[in-house]
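Welcome! Here is a short guided tour for someone meeting this structure for the first time. Please keep the sequence and the 3D view open as you read.

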Amino acid sequence: MEDTLYLLKQPEKNYKDCYFSFCGFSKTEAGHSFGPAVKDCFLVHIILEGEGSYSIKDQTYSLKAGQGFIIPPGVSSFYQADQHFPWTYLWMGIGGEKVQEYFQQMGIGGEHFSFHVQSPYNFKALVFECFAYDDDTLVNELNLQKKAYDFLQLLAKSISPYQYITSSQKMNPYVQKALQIINQEGGQGLSITNLAKRLAVHPSYLSRLFKANLGLSTKDYIYQIRINMASDLLATTSYSIEKISQLTGFSSIQNFSKAFKKIKKVTPSAYRKKQVGFKGKRPEE
């Protein structure tokens, strides 16, 4: 991520119907990706500028400014900014027993994970208001719960009723299975050779399928997953650089720093320092 603001506030009260979990804003770098990943709440992205792709289940969506996508809890997904026109987006994580019902009434979920919205910058104003409630007080917590409802209300009013279906394509089943394996194992210790062997296909064939479906070869995909996972950990946690190198499968902190600098053009410590900011508590080790 290039510029990022992030607020993580798991509620201390037991809210059942709907509750705020986290939100953020990112201006991404070209090709920045996130995933494969599984969330424990509903995560909604609204795209403000640029273009990118979003893959979930067996579908890949091509998305741009004025559109959005949803990641349901417990479902693996992957999304990536365009190489030439990387996107700027915001997001909000919302949990609760009623949330799925709300999205269904809006026409989101089931087979439709993306949508169009009117006035996407209204969502930006709402998310930036959330950043003011980072102190741990009851008043702030209640305000954030209200913001979760405000976000859903704005989404319900902003979705274009007959335009939520966006262009998508079926993902190749070999690529889909490969993504499941990569997700389960975090890309650690995997190579194109052993991945192809497990799928009983030729490595070059699998790589061509990846290129056609995701715009990256299998090797580049796995490598980018690890580096971008490290980028997000640097931006949103207080883990040490050594800890992050271990979590992302590098054999040493030296190898991690070298690989990270090759992709991001800065060292891991410099990358962490240049982040715009962070609001709320960082997950601790």
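## A first stop: two loop residues

Is Lys265 buried or exposed? With a relative accessible area of 65%, which is over the 50% cut-off, Lys265 is exposed. Bear in mind that this is a predicted model. You will find Lys265 in the loop between α9 (253-264) and α10 (268-274). Its phi is near 70°, a positive value in a residue other than glycine.

Ala200 makes a good companion to look at next. This residue is found in the loop between α5 (192-199) and α6 (203-214), and its phi, near 60°, is positive too, in a residue other than glycine. Ala200 is exposed, at a relative accessible area of 68%.

## The overall picture

Now step back to the whole chain. The secondary structure comes to 10 helices and 12 strands. The protein chain has 285 residues, and 51% of them count as buried. Its accessible surface comes to about 13,500 Å², with 50% of that belonging to carbon and sulfur atoms.

Contacts also tell us about the fold. Among those between residues at least 6 apart in sequence, 75% join residues at least 24 apart.

## Inside the cores

The largest nonpolar core has 50 residues. Those with the most contacts inside this core are Ile46, Tyr54, Met92, Phe103, Phe151 and Leu155. Leu155 is a nice one to follow: leaving aside neighbours within four places in sequence, Leu155 is in contact with Val44, Ile46, Phe103, Met106, Ile108, Phe115, Val117 and Phe123. Apart from the largest core lies another, of 19 residues, which include Phe78, Leu199, Leu209 and Leu214.

## Aromatic rings

A pair of aromatic rings is described by the distance of the centres and the angle of the planes. A search of the whole structure finds 16 aromatic pairs. One of them is formed by Trp87 and Tyr89, which meet edge-to-face, with 5.5 Å from centre to centre and 65° between the planes. Both Trp87 and Tyr89 are buried. The pair Tyr174 and Tyr205 is edge-to-face as well, at 6.3 Å centre to centre and 80° between the planes. Tyr174 lies in helix α4 (residues 173-185) and Tyr205 in helix α6, so this pair ties together parts that are 31 residues apart in sequence. Tyr174 is partly exposed, at 33% relative accessibility, and Tyr205 is partly exposed, at 33%.

Which residues gather into one aromatic cluster? They are Tyr54, Tyr61, Phe69, Tyr79, Trp87, Tyr89 and Trp91. Elsewhere, a ring meets a charge: the charged end of Lys124 sits over the ring of Phe128, 5.5 Å from its centre.

## Charged partners

Side chains of opposite charge can pair when their charged atoms come close. The structure holds 4 salt bridges. In one of them, the side chains of Lys264 and Glu29 meet at 3.2 Å, N to O. Lys264 lies in helix α9 and Glu29 in the loop between β2 (19-27) and β3 (33-37), so the pair ties together parts that are 235 residues apart in sequence. Lys264 and Glu29 are both buried.

Another salt bridge joins Lys147 and Glu129, at 2.4 Å from N to O. This pair links distant parts of the chain, with Lys147 in helix α3 (residues 138-158) and Glu129 in helix α2 (residues 121-130), 18 residues apart. Lys147 counts as buried, at 10% relative accessibility, whereas Glu129 counts as partly exposed, at 38%.

Notes: Residues numbered from 1 in each chain as written. Heavy atoms only, no water. Helix = DSSP H or I, 4+ residues; strand = E, 2+ residues; numbered from the N terminus. Buried < 20%, exposed > 50% of the residue type's maximum accessible area, 1.4 Å probe, protein only. Core = buried A, V, L, I, M, F, W, Y, C linked by side-chain atoms within 4.5 Å. Contact = heavy atoms within 4.5 Å. Areas by Shrake-Rupley, 256 points an atom, 1.4 Å probe, with all protein chains shown as cover. Phe/Tyr/Trp six-rings, centres within 6.5 Å; stacked < 30°, edge-to-face > 60°. Lys NZ or Arg CZ within 6 Å of the ring centre and 35° of its normal.
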